[in-house]
Amino acid sequence: MNNKVKLLNRQSSLEFLTNLSNKLGPKIYIKRDDESGRGGGGNKLRKYERIIADAINKKADTLIIAGHFQSNAARALVGAACQLGLKSIVVCKAMIPEQNPTFNQNGNALLMKLMNANIITIDAEDDFQIEMEKIADNVNKKGNKAYLIPFGGSNLLGALGYLDCANEIIDQFQNAEKTMPDYVITPTGSGGTMAGLVAGFAIAKNSTKVIGFSVLHKDQTIENIVNKLTNEIIENVKPKFDTITDFELNTKFVGEAYGVPTENGIKAIKMLAELEGLFLCPVYTSKAMAGLIEYIKENKIKKDETIVFIHTGGMPLVHAYYNQYE
């Protein structure tokens, strides 16, 4: 399970946010997974290192992923395929209400166009899995070999990438702080990022608690996904001791729907930009940061505690939602 292709050049940096910490109270660090790799970077590249290695081991030359026109996962997959000399196909359908007249031509859609992505559009009511399998059959009939990428890169192979991230955070804190953060905060969509973090800290016998703010599911679905993936990771690693997982999943910051910005999320984008020169995205990281800010205000996270916020990327989405910041 440790067979990987190299999509990340180094550990992502861990930066202390002086101005945000002074404003909100706790010591806040940011894990810069937004700065990693090609194709626009982001958290998906950690997931794809093992997933694409599996595809190559199975002699696949064409990677197929489902998404929408502003999908970070699709854009990162296309970039990784370009880097590795593989073909990629993005199966797209409308999943997010168009936010402005250029929504499907800007942001991630524009970057995929520049990378000459092969985008196949299906109807909104079509089933992703069925359509991907049809396309894979056509690819195979033409003499190539297709490999289906799991939704959001969130299977066991993908989630192991965030076991790596948990180990990076532990290593970086041991060198910088000689102690561990009280909390790691992450946006949670398809669940693999959070599951990898939860399993990673549990396997390391680390007391850091992972708090995920859902950006997709508003119900128990996402907690079930994270629990399942976390257990799969622990079973795969097989530590020689009982593990204790410590996490919280909050589904109250999704807002109207996936991909629809929230008022507090936009405020969080502006705050980080003004205070730190850092850019969150309207779909993922802004909603998690809005959750963190509220937790601090409600004293669920105390002023003497230490936090790591996982910046999962999504910078191109800032441009796609250009009309939201007035």
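What follows is a dialogue on reading salt bridges and one buried helix face in a predicted model.

Biologist: What allows side chains of opposite charge to pair, and how many salt bridges does the count come to here?

Modeller: In general, side chains of opposite charge can pair when their charged atoms come close. In this predicted model, the count comes to 16 salt bridges, where the rule asks for a side-chain nitrogen of Lys or Arg within 4 Å of a carboxyl oxygen of Asp or Glu.

Biologist: Why do residues three or four places apart in an α-helix point the same way?

Modeller: An α-helix has 3.6 residues a turn, so residues three or four places apart point the same way. Take helix H5, residues 128–141, in which Lys-134 and Glu-131 lie three residues apart, about one turn of the helix; these two form a salt bridge whose closest N and O atoms are 3.4 Å apart.

Biologist: Which residue forms a salt bridge with Glu-232, and in which helix do both lie?

Modeller: The partner of Glu-232 is Lys-228, with 2.6 Å between the closest N and O atoms, and both residues belong to helix H8 (residues 221–237), where they are four residues apart, about one turn of the helix. In helix H9, residues 263–276, Lys-267 and Glu-263 are likewise four residues apart and separated by about one helical turn, and their side chains meet in a salt bridge at 3.6 Å, N to O.

Biologist: Are Glu-131 and Glu-263 buried or exposed?

Modeller: Glu-131 has a relative accessible area of 16%, and is buried because the cut-off for that class is under 20%, whereas its partner Lys-134 is partly exposed at 47%. Glu-263 is exposed, with a relative accessible area of 59%. In the H8 pair, Lys-228 is exposed at 52%, while Glu-232, at 27% relative accessibility, counts as partly exposed.

Biologist: Which residues are joined into one network by salt bridges that share partners?

Modeller: That network consists of Lys-4, Glu-49, Arg-50 and Asp-164, joined through shared partners.

Biologist: Turning to helix H4, which of its residues are buried, and what do they pack against?

Modeller: In H4, which spans residues 107–114, the residues Gly-107, Asn-108, Ala-109 and Met-112 are buried. The buried residues of this helix pack against two helices, H3 (72–84) and H11 (315–320), and against two strands, S4 (87–92) and S5 (118–121). After H4 comes Asn-116, whose phi is positive, near 60°.

Notes. Residues numbered from 1 in each chain as written. Predicted model: local features only at pLDDT ≥ 70, side-chain atom pairs only at ≥ 80, totals over all residues. Heavy atoms only, no water. Buried < 20%, exposed > 50% of the residue type's maximum accessible area, 1.4 Å probe, protein only. Contact = heavy atoms within 4.5 Å.
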